[in-house]
Amino acid sequence: MAENVRPETMERITTEQLAQQFIDEQLTALRQQIGDKKVLLALSGGVDSSVVAALLIKAIGQNLVCVHVNHGLLRKGEPEQVIQVFRNELNANLIYVDATDRFLDKLAGVSDPEAKRKIIGGEFIDVFAEEARKLDGVAFLAQGTIYPDILESGPVKSHHNVGGLPADIAERFELVEPIKFLFKDEVRVVGKQLGLPDNMVYRQPFPGPGLGVRCPGAITRDRLEAVRESDAILREEFAKNGLEGKVWQYFTVVPDFKSTGVRDGQRSFDWPVIIRAVNTRDAMQASIEPIPYELLAHITARITSEVKGVNRVLYDVTPKPTGTIEYE
Ligand code: XMP
């Protein structure tokens, strides 16, 4: 009986202490695995790759080479934040590639959602591989694989399929996956413990093809800008009004049609902005967040006055099913 009584002298272990223990163990293991060789990492600014970067910076400093590819479909302020946090604050060895024109030129006139995804994914790999070919002495490729990725994808990918890279690049690298046994909430705790900013650690899910799937049909630069600007206003207002941590995912979509409106006594012919705000556990089903009407009205007023080419705002009240969360 006495054996099952918790000794009074035993201290409680906090989540932070557990996270620190994980970090310390990983730093030792990473230094042992990598030695004085170099590691390459595609740093998107998402929580997984950011945590991997922060761990490796602590473990091997300048021997980590981060590549941040801006495909032109990132949210407002994202590339700037990656540069600020990693290059300026954490002193990372960061290569920033602004590939906006290259992506948008390839996407011009392409309206099929799957074709768009393929171009974005394929071009991303090409840009990353080009950067990798320029570097000497890189022996490892770090990836932000987390446990659900492994559970979903089954057996570990073959060496020659490292990160989906072409064989000539992939075969040069051994994989480094320091967070592959963590769940998302654990990754966030580790990120917080490593000192990453809250808006990076707790950020809402953001699809790989970025704003490209929120600009349905063929992407044009002006409509993409309307998506980016309206999304920034929505995020700012949700943060100001206490909805940031409460709503699982929220964003705007600018569909490819125009409608008649009126502005300054003149007829206008502009796009609508659709607001989507959903809650879900696993993204398989989703419910709609009831946003206070006054806030919706305020966001509408801001978007229609601040975003170029927009004359209406619509709020999508469709759960999943029948609507998916994204529009493409
Ligand atoms: P749907 O639209 O299928 O989205 O209800 C479910 C969740 O998955 C995200 N999503 C993606 N994430 N690449 C990604 O990395 C994609 O192509 C992609 N498509 C959808 C979506 O944002 C939502 O969280």
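How many bridges join E8 to strand E10, and in which sense do the two strands run? Five bridges join this pair, E10 covers residues 310-315, and the strands run parallel. Before going further, a word on the ground rules: this is a predicted model, where local features need pLDDT of at least 70, side-chain atom pairs count only at pLDDT 80 or more, and totals for chains, interfaces and linings use all residues. Residues are numbered from 1 along each chain as its sequence is written, and side-chain values use heavy atoms, with hydrogens and water left out.

Let's stay with E8 for a while. Helices (H or I, at least four residues) and strands (E, at least two) are DSSP runs, numbered from the N terminus. Two strands count as paired if DSSP finds at least two bridges between them. Strand E8 spans residues 266-279 and is mostly covered, with ten of its 14 residues buried. Buried here means under 20% relative accessible area, exposed means over 50%, and partly exposed is in between (1.4 Å probe, protein chains only).

So who pairs with E8? Besides E10, there's strand E6 (residues 249-253), which pairs with E8 in the antiparallel sense over five bridges. Ile 274 is a handy place to look: Val 253 stands opposite Ile 274, and in E10 the bridge partner of Ile 274 is Leu 314. Strand E7 (residues 259-263) also runs antiparallel to E8, again with five bridges, and there Val 262 stands opposite Arg 267. E7 and E8 form a hairpin with two residues between the strands, and in that hairpin Asp 264 takes a positive phi near 50 degrees. Then there's strand E9 (residues 287-288), joined to E8 by two bridges in an antiparallel run, with Val 278 of E8 opposite Ile 288. A general point to keep in mind while you rotate the view: in a regular strand the side chains alternate between the two faces of the sheet.

Now for the charged side chains. A salt bridge is a side-chain nitrogen of Lys or Arg within 4 Å of a carboxyl oxygen of Asp or Glu, and by this rule the count comes to 25. One of them joins Glu 130 and Arg 102, at 2.9 Å from N to O. Glu 130 sits in helix H5 (residues 113-134) and Arg 102 in helix H4 (residues 100-107), so this pair ties together parts that are 28 residues apart in sequence. Glu 130 is partly exposed at 36% relative accessible area, and Arg 102 is partly exposed too, at 29%.

What does Arg 302 form with Glu 237? It's a salt bridge, with the closest N and O atoms 2.8 Å apart. This pair links distant parts of the chain, as Arg 302 is in helix H11 (residues 293-306) and Glu 237 is in helix H10 (residues 221-240), 65 residues apart. Arg 302 is buried at 15% relative accessible area, and Glu 237 is buried at 2%. Arg 302 also forms a salt bridge with Glu 306, with the closest N and O atoms 2.8 Å apart. Those two residues both lie in H11, four residues apart, or about one turn of the helix. Glu 306 is partly exposed, at 46%. Zoom out a little and these contacts belong to a network of salt bridges linking Glu 236, Glu 237, Lys 240, Arg 302 and Glu 306.
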